[in-house]
Amino acid sequence: MFARINSMGLFGLESYMVGVEVDYGNGLSRVDVVGLPDTAVNESRNRVRSAMKNSGYAFPAGRVTINLSPGDVKKEGSLYDLPIFIALLKAGHQLEGDYDDCAFIGELSLDGYVRRVKGALSMVIKARNSGIKKVFVPADNACESSVVDGIEVYAVDNVQQVVDHLRGDKMLEKAVYDPAAEIAATAPLPDFSDVMGQQEARYALEIAAAGGHNILMVGPPGSGKSMLAKRLPSILPDMTFEESLRTTELYSVAGALPSNVSLIRQRPFRSPHHTVSPAGLSGGGAIPRPGEISLAHNGVLFLDEFPEFSRQSMEVLRQPIEDNTITISRANASITYPCSAMIVCAMNPCPCGYYGHPKRKCTCPPGAAQRYLAKISGPMLDRIDIHIEVPPVDFEKLSSKVKSESSAEIKKRVNAARKIQQERLAGTGITCNAKMDSSMTKTYCNPSPKAMVMLEQVFEKLDFSARAYDKVLKVARTIADLEGSEEIKAEHIAQAVRFRSLDRKLWRS
């Protein structure tokens, strides 16, 4: 007795069709699962057996073989419980019908309830693209799955609901996309109006947001570096539907998407502790899952106390910052995840934090500030577009009753600058200045003759690297866009150079 049911598999962000085949006949009672199953898949036999018994169905007697095709691809996870359950019912003639246009995914509890799985959104998209007309998913995956057009999505709480629907006894309602589920995922963001003083740092963050630039803030404890960083998402441009969909896929695969959320519409803000491992940042596992750099895709990765991160963790970021993707290779898998995130770093100028403070004396031994900065490699600093000092705020500004400019006002200027960039870069697949490659930088970042003379002088005097040269041009291009200037002027170059304070060797004794 044989039956075949469609299911899905997941490999990184990519999904693929899986055929769940069941065959049983005479012989000693035994259940074999083949098709390169991992431990979780092998344990399906026990969960499904109990779920069938407790739901009032008979588990087949004799020898049962369960095959997951294609047989040369590793299968992992508990998502095959539901399709195995349905295939066993069909093979035993406890369920009749043709379900070739259906796909089933879901983990089963021992009493037949269907539990959520990771990566449901990616699997539903692949099912639709493969010609599947109906897909049955756990109720907790309904919100994310309902976003996909062109396929009927049915959310199920237990196996009896699936059986009743397939038999035509009690039909399930199709899951409908609810925009309110996006609102549920959107919490109010901290506002720049709460920040007192720090005009220079606020302007630097505005430039960073407008051009998608990475930024490093250096200042003593309590100067407001973390406060400023946490308010950066409030001035970033709104996410497009494509950006939201891709970000939601990443969170779904990582198992970090709440069950009541359909789409992530708010740009992610990830702030891992400095003790995070390299695998925690990049992603890892036998079949690698997304790390912090990928979970910050289309948003912000904030690295507070930057020099305290291990050297290995820091260096993990070098290639992703350049390529906006990260490839994680393991013995049995090599997976590429997107990671186009703004990198925002904060650090003290020295171990005690008060080197260069106007009122407090640094207590570090001679050369400590230089050694502290040396924890960050030159290539890593080169990849950060803007270096800005965040000085302590004086009492007069802290006690002022005058509200600072709000995030909404800053965001208007950021959106206007981004619109200019999108029109300029239309058809290139790039949406902001920071992502331009060298050839595009030469095409779109043309300084005036006076600005070119200044840039040449700065390049020779400060001994900029080729990468730093490109960074200065891109930041100057963004400053010009914020001012609505088509031409990069000398003052734009001067401002961009001012925002590379570590290249100007301020912390070298």
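Reader: Is the crossing of H2 and H3 left-handed or right-handed?

Author: In this predicted model, the crossing of H2 and H3 is right-handed. Their contact is made by Ser44, Arg47, Val48, Ala51 and Met52 of H2 and by Asp81, Ile84, Phe85, Leu88 and Leu89 of H3. By class, that contact has seven nonpolar, one polar and two charged residues.

Reader: What makes H2 oblique to H3?

Author: The angle. The axes of helix H2 (residues 44–54) and H3 cross at roughly 55 degrees and come within 10 Å. Roughly parallel needs an angle under 35 degrees, and roughly perpendicular runs from 65 to 115. The value fits neither class, so H2 is oblique to H3.

Reader: Why is H3 called oblique to H6?

Author: The axes of helix H3 (residues 81–91) and helix H6 (residues 159–167) come within 11 Å and cross at roughly 50 degrees. That angle makes H3 oblique to H6. H3 passes H6 in a right-handed crossing.

Reader: Which residues of H3 and H6 meet?

Author: Leu82, Phe85, Ile86 and Leu89 in H3 meet Val159, Val162, Val163 and Leu166 in H6. Eight are nonpolar, with no polar and no charged residues in this contact.

Reader: Now the sheet. What is the order of its strands?

Author: Five strands form an open sheet, ordered E11-E14-E17-E10-E18, with parallel pairing.

Reader: Why do strands E11 and E18 stand at the edges?

Author: Strand E11 (269–270) and strand E18 (386–389) each have a single partner strand, so one side of each is left without a neighbour in the sheet.

Reader: How many bridges join E11 to strand E14?

Author: Two bridges join E11 to E14 (residues 300–303), and the strands run parallel. Arginine 270 stands opposite leucine 301 in E14.

Definitions and conventions: Residues are numbered from 1 along each chain as its sequence is written. This is a predicted model: local features need pLDDT of at least 70, side-chain atom pairs count only at pLDDT 80 or more; totals for chains, interfaces and linings use all residues. Side-chain values use heavy atoms; hydrogens and water are left out. Two strands pair if DSSP finds at least two bridges between them. Helices (H or I, at least four residues) and strands (E, at least two) are DSSP runs, numbered from the N terminus. Axes are lines fitted to C-alpha atoms, for helices over the stretch in contact, and angles run from 0 to 180 degrees between N-to-C directions. Angles under 35 degrees count as roughly parallel, over 145 as roughly antiparallel, 65 to 115 as roughly perpendicular and the rest as oblique. A crossing is left-handed if the near helix is turned anticlockwise from the far one by less than a right angle, and right-handed if clockwise. Contact means heavy atoms within 4.5 Å. Ala, Val, Leu, Ile, Met, Phe, Trp, Tyr, Cys and Pro count as nonpolar, Asp, Glu, Lys and Arg as charged, and the others, Gly among them, as polar.
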